[in-house]
Amino acid sequence: MLLQIFDAFKSCLHDSNSKVNQVALETMHKMIPLLKDHLSPVINMLIPAMVDNNLNSKNPGIYAAATNVIQALCQHLDNSLLLQPFCTKAQFLSGKAKQDLTERLA
């Protein structure tokens with residue numbers, strides 16, 4: 001059930017409408033403390049959706065929301081769940097996103 005919900009939610013994180021994208025990130029930020037490690041089955045799907053365009057966004061609201069989501073993941077999830085997806089994404093990112101994710105890994 002959780003997989004189906006987040007599969008549908010993932011499209012909001014990639015939406016071309018910046019307002020939809022920002023609200024999805026802000027919503028994700030609120031859900032992380034509630035769901036915590038229950039997110040483990042969907043984390044490999046969510047991290048790319050949250051990071052790909054959002055951490056390099058020129059829109060300050062989207063960038064801030066994406067940064068808050070990454071911070072919430074680090075605070076509320078077991079770090080071992082985040083290590084592989086963060087490493088994988090950091091290899092292929094550029095710019096500010098690569099720097100932000102590399103700092104989180106360190």
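In the predicted model, helix 1 comprises 12 residues, which at 1.5 Å a residue should span 16 Å, and the C-alpha atoms at its ends are indeed 16 Å apart, in agreement with that expectation. The buried residues of this helix are F6, F9 and L13. Around the axis these residues cover an arc of only 65°, and they therefore lie on the same side of helix 1. On the other side of helix 1, by contrast, Q4 and A8 are exposed. The cover over the buried residues of helix 1 includes helix 2 and helix 3.

Two packed helices are described by the angle between their axes and the distance between the axes. For helix 1 and helix 3, the axes come within 9 Å and cross at roughly 10°. Because angles under 35 degrees count as roughly parallel, helix 1 and helix 3 are assigned to that class with respect to each other. The contact is made on the side of helix 1 by L3, F6, D7, K10 and L13, and on the side of helix 3 by M45, L46, A49 and M50. F6 and L13, which take part in this contact, are also among the buried residues of helix 1.

Helix 2, which runs over residues 18-35, contains 18 residues and should accordingly span 26 Å at 1.5 Å a residue; the C-alpha atoms at its ends are 25 Å apart, which agrees with the expected value. At the start of helix 2, a side-chain oxygen of N17 reaches to within 2.9 Å of the backbone nitrogen of K19. At the other end, helix 2 is followed by K36, for which phi is positive, near 45°. Between these ends, the buried residues of helix 2 are N21, A24, L25, M28 and I32. What covers these buried residues includes helix 1 (2-13), helix 3 (43-51) and helix 4 (60-76). Helix 3 thus appears both in the cover of the buried residues of helix 2 and in that of the buried residues of helix 1.

Further along the chain, D100 is placed in helix 6, which is formed by residues 95-105. With a relative accessibility of 12%, D100 counts as buried, because the cut-off for that class is under 20%. When residues up to four places away in sequence are not counted, D100 touches L55 and Y63. Of these two partners, Y63 falls within the residue range of helix 4 (60-76), the helix that is included in the cover of the buried residues of helix 2.

Notes: Residues numbered from 1 in each chain as written. Predicted model: local features only at pLDDT ≥ 70, side-chain atom pairs only at ≥ 80, totals over all residues. Heavy atoms only, no water. Helix = DSSP H or I, 4+ residues; strand = E, 2+ residues; numbered from the N terminus. Expected span 1.5 Å × (residues − 1). Buried < 20%, exposed > 50% of the residue type's maximum accessible area, 1.4 Å probe, protein only. Contact = heavy atoms within 4.5 Å. Polar contact = N/O pair within 3.5 Å; in protein donor to acceptor, adjacent residues only side chain to side chain. Arc of directions from axis to C-beta. Axes fitted to C-alpha atoms, helices over the stretch in contact; angles between N-to-C directions. Parallel < 35°, antiparallel > 145°, perpendicular 65-115°, else oblique.
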